[in-house]
Each structure stands twice: as structure tokens, then as C-alpha cells.
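Colleague: Could you take me through this model, beginning with how far it can be trusted?

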Amino acid sequence: MNYLFFFGLVLIHISLLIRYWNKDKAYFSILLSTLLCFLISGGNHVTSFACILINICFLFFALIKKKKYMVLLPAISGIIGFIIMCTAPGTAIRAAKDGADVSLLKTIFSCGYQTLISDKSFISVSIILLLAVLTPYFAQMIKMSQVDIFNIWGMIGCLVFDFTLISAMYCVPYYAMGVFGEGRVLDTIYCAYIVLLLLTYWYFVGFVLKYMPGIVSEADKINSNSMKYAIYSIVCILFIGYISITGGVNKYSTGAEAVMEIADGSAKRYDAEYMERVELYEDALIDNVVVDEYTAKPELLFFADMNEEPEKWPNTIIARYYNKNGIGMRKK
């Protein structure tokens with residue numbers, strides 16, 4: 001809730017800025033955007049800096065085009081929210097407990113490098129095939145809209161913006177704790193990565209259609225024949241389904257893993273062992289519970305096991321929940 005929810009607010013914030021930019025007297029949109037920007041930049045580390053950069057981009061275009069100067073409001077609001085978050089007493093307490101002494105220069109270089117190598121974990125065969133499916137749709141969309149915004153500088157600008165935004169999302173947690181964040185942080189960055197990838201690929205398709213006439217003629221042939229167009233899309237979709245079941249680039253997919261865990265019995269065995277523990281936890285006659293280590297640890301179901309020492313997490317939390325004096329674990 002504290003990560004993807006805020007990322008959703010960022011998308012709404014951007015939508016409101018676009019509406020204000022394209023509509024006359026859309027003052028409610030910019031005021032709501034200002035409020036959202038304060039909440040986003042002051043409420044979540046991962047989205048805060050990225051939101052500020054997006055506002056700066058809108059402000060830059062406002063100065064270039066000499067219009068829509070009210071985009072200054074969310075820009076200022078976001079910076080104020082970010083300053084409040086960084087200087088809040090709770091932030092200082094957490095920094096003292098979990099923080100790391102990381103220099104600004106190291107943060108910039110480390111996050112930039114992490115952004116460059118993110119493709120290894122973010123890009124999969126499924127994503128590549130998704131782009132293949134979207135290609136004719138993007139081509140048709142661009143031709144129907146007849147927009148003329150595609151050039152080499154725009155393409156470079158898209159890549160620079162993508163790199164900067166993803167790096168910014170890494171920066172705040174890394175500067176605060178010296179690590180790029182837990183899975184929930186990477187999930188949020190992944191979502192931003194996919195959105196940026198689709199937008200940049202759309203621009204790339206427009207760039208190719210404008211500067212490579214031979215490909216344009218081929219696109220015309222595809223779009224003029226609805227049957228070929230439909231078959232092309234269906235085949236790609238089926239291929240994506242196949243990849244989802246059999247695995248992707250990183251030799252792993254949720255679908256394939258689920259099938260394997262059911263087939264080899266590890267999911268069923270884990271469930272049985274888990275329910276055995278629950279019976280012990282709920283037995284009112286036992287004050288000190290000792291459980292056996294899991295013999296089955298399926299990837300999709302198992303997160304972490306108990307600690308051998310009763311006074312450590314997560315034993316303490318579970319003992320408190322079930323009103324036990326203590327819970328321990330026997331290694332097998």
C-alpha cells in the first residue's frame with residue numbers, strides 16, 4: 001500500500017498535469033495535482049524524487065513554450081513535501097537505526113550503474129513479445145494521429161529521461177540505507193520501468209516510421225489486410241502464453257513454478273506442515289511451542305522460517321499473536 005499506491009498517485013498526478021496542459025481553464029486539475037504532489041513527495045521515498053523530476057520537466061516546457069506557468073505550483077508543493085519528509089523526526093530516528101553513511105557522489109554513480117544493469121532482471125521474453133504485439137497498434141495509432149514530434153533529439157531525450165527517472169527512484173532509499181531496497185521497492189521501480197519502456201518504444205516506432213520509408217510501406221501492407229493483422233496479433237499472444245508457462249529469459253516464470261510445485265508435491269507438503277504448526281499454536285494447553293523446520297519450501301509459498309532462538313523475530317511476533325510464552329524451532 002505504501003509503495004504501489006503512491007506510484008498510482010504519481011500516474012494520476014501526471015494525468016492531471018497533462019489535462020491542465022491541454023485544456024483551457026483546467027484550474028481544478030492543477031490544484032488537485034498540487035495537493036497530490038505534496039502527498040507523494042512527502043509520503044514515500046521511492047516516488048518522491050521521481051515526482052519532483054517530472055514536475056521540473058513540465059516546468060521546463062512551460063518556460064520554453066511560455067505558457068501554463070501554474071505548473072510551478074505542484075513543483076513547489078513537491079519540494080516542500082520532500083523537505084518535510086527528509087527533516088521529520090521519524091526519518092532521523094530510522095536513519096540512526098538503519099541508515100548508512102553514503103556520500104552523494106557514491107549514490108549517484110551506484111544508482112546510475114544499477115539502472116544500467118536493471119535490464120537483466122526487468123526485461124523478459126514476455127516483455128519483448130508484448131512489444132512485438134503492440135508494434136502494429138502503435139504504428140496505426142501514430143499514422144492516424146498524424147503527429148510530427150519524432151526526431152533523433154527526441155529519441156535521445158526519451159532515453160535520458162528514462163535513465164534519470166529510474167536512477168532517481170533508486171537514489172533516495174540507497175542514500176538513506178546504503179541498499180537499493182527490498183522487493184516492494186524494486187516492484188515499484190519495475191512498474192515505472194515498464195511504463196517508461198512502453199512510452200519510449202511508442203516514440204521509437206514513430207521515429208522508425210518517419211525515417212525509414214521502406215518499413216512504412218511494409219506497415220501499410222500489414223494494416224491494409226485485417227486478416228494478416230489479426231493472425232499476427234493472435235500468434236504473438238499465444239507465444240506469450242507459452243512463454244508464461246514454460247519460463248522466460250531468467251529461466252523462471254510464476255506459471256511454470258506453480259505447475260512444478262504442484263506436480264512435485266512440495267506445495268501440498270508445505271501446506272500439511274504449516275497446518276501442523278497452526279494446531280500447536282492454537283492448543284491452549286501448550287505454553288511453549290517447539291516446531292520442526294519445514295522440509296518443503298516452495299518458492300511461491302515460502303517466505304521465511306522460524307528462528308532457532310525463541311527471543312528473535314519472527315518467533316516473538318508469532319508467540320505474541322497466539323498468546324504463547326515462547327516459540328522455538330528444531331532443525332532437521
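**Confidence, patch and pocket**

Modeller: By mean pLDDT (the predictor's confidence in each residue, from 0 to 100), helix H11 (residues 213-224) has the lowest value among the elements of the protein chain, 56, and helix H14 (residues 266-281) has the highest, 95. Helices here are DSSP runs of H or I with at least four residues, numbered from the N terminus. This is a predicted model, in which local features need pLDDT of at least 70 and side-chain atom pairs count only at 80 or more, while totals for chains, interfaces and linings use all residues. Residues are numbered from 1 along each chain as its sequence is written, and side-chain values use heavy atoms, without hydrogens and water.

Colleague: What is the mean pLDDT of the protein chain?

Modeller: Of the residues in the protein chain, 86% reach 70 or more. The mean pLDDT of the chain is 84.

Colleague: Is Phe38 buried, partly exposed or exposed?

Modeller: Phe38 belongs to helix H2. Buried means under 20% relative accessible area and exposed over 50%, with partly exposed in between (1.4 Å probe, protein chains only). Because its relative accessibility is 33%, Phe38 counts as partly exposed.

Colleague: Which helix gives the most to the lining of the largest pocket?

Modeller: A pocket is an open set of points on a 1 Å grid over the protein atoms alone, where a 1.4 Å probe fits, with protein on both sides within 12 Å along at least five of seven lines; lining residues have an atom within 4 Å of a point. The largest pocket is lined by 32 residues, and H1, H3, H9 and H10 each supply at least two of them. With 9 residues, the helix that gives the most is H9.

Note on methods
Helices (H or I, at least four residues) and strands (E, at least two) are DSSP runs, numbered from the N terminus.
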